[in-house]
Amino acid sequence: MLRAGFDSLLFLVIFLVFTGFAVAALVFAAMAREDAYRAAEKQTKKFWLIILAVNLALNLLLPMLFLQIAGLIAAIVFMVDVRPALAQVSGGGRGRRGGGSSSDGPYGPYNGGR
């Protein structure tokens with residue numbers, strides 16, 4: 001009885017994590033511009049939206065672990081490979097943009113009150 005409760009809790013956690021990751025990847029894919037996909041030399045926006053939407057639908061309608069893992073792999077590929085490339089060509093990458101310093105504020109460099 002304890003093991004059955006643990007198994008159902010584990011499957012619930014896996015379901016929530018996989019579905020949450022699928023939703024996040026789909027939202028990021030939908031927010032990116034179509035021309036950014038071409039500039040980053042990745043598959044089209046339509047391709048990624050279809051793949052990630054099917055992944056989300058399968059997670060919600062047919063929660064089979066094999067299909068969830070296949071969808072998770074597609075979402076991971078998008079988040080690890082495509083999303084950073086889109087951010088780089090869109091100018092939204094991490095780190096210093098425009099050669100600014102880490103002490104730059106919203107109105108220019110912060111010099112400690114000097």
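Gln68 sits in helix H4, which spans residues 65-90. The structure here is a predicted model, and that is worth keeping in mind from the start. With a relative accessibility of 5%, Gln68 counts as buried, because anything under 20% falls in that class. Setting aside neighbours within four places in sequence, Gln68 is in contact with Ile14, Phe15, Phe18, Asn59 and Pro63.

Some of those partners turn up again in a helix pairing. Helix H1 (residues 2-31) and helix H3 (residues 45-61) have axes that come within 9 Å and cross at roughly 160 degrees. That angle is over 145 degrees, so H1 runs roughly antiparallel to H3. The crossing of H1 past H3 is left-handed. On the H1 side, the contact is made by Phe15, Phe18, Thr19, Ala22, Val23, Ala25, Leu26, Ala29 and Ala30. H3 brings Lys45, Leu49, Leu52, Ala53, Asn55, Leu56, Asn59 and Leu60 to the contact. Sorted by character, the residues of this H1 and H3 contact come out as 13 nonpolar, three polar and one charged. Phe15, Phe18 and Asn59 belong to this contact, and Gln68 of the protein chain touches these three residues as well.

As for confidence, the protein chain averages a pLDDT of 83, and 79% of the residues score at least 70. Among the elements of the chain, H3 has the highest mean pLDDT, at 92. Strand E1 (residues 104-105) has the lowest, at 64. Where pLDDT is low, the predicted coordinates should not be read in detail.

Key. Residues are numbered from 1 along each chain as its sequence is written. This is a predicted model: local features need pLDDT of at least 70, side-chain atom pairs count only at pLDDT 80 or more; totals for chains, interfaces and linings use all residues. Side-chain values use heavy atoms; hydrogens and water are left out. Axes are lines fitted to C-alpha atoms, for helices over the stretch in contact, and angles run from 0 to 180 degrees between N-to-C directions. Helices (H or I, at least four residues) and strands (E, at least two) are DSSP runs, numbered from the N terminus. Angles under 35 degrees count as roughly parallel, over 145 as roughly antiparallel, 65 to 115 as roughly perpendicular and the rest as oblique. A crossing is left-handed if the near helix is turned anticlockwise from the far one by less than a right angle, and right-handed if clockwise. Contact means heavy atoms within 4.5 Å. Ala, Val, Leu, Ile, Met, Phe, Trp, Tyr, Cys and Pro count as nonpolar, Asp, Glu, Lys and Arg as charged, and the others, Gly among them, as polar. Buried means under 20% relative accessible area, exposed over 50%, partly exposed in between (1.4 Å probe, protein chains only). pLDDT is the predictor's confidence in each residue, from 0 to 100.
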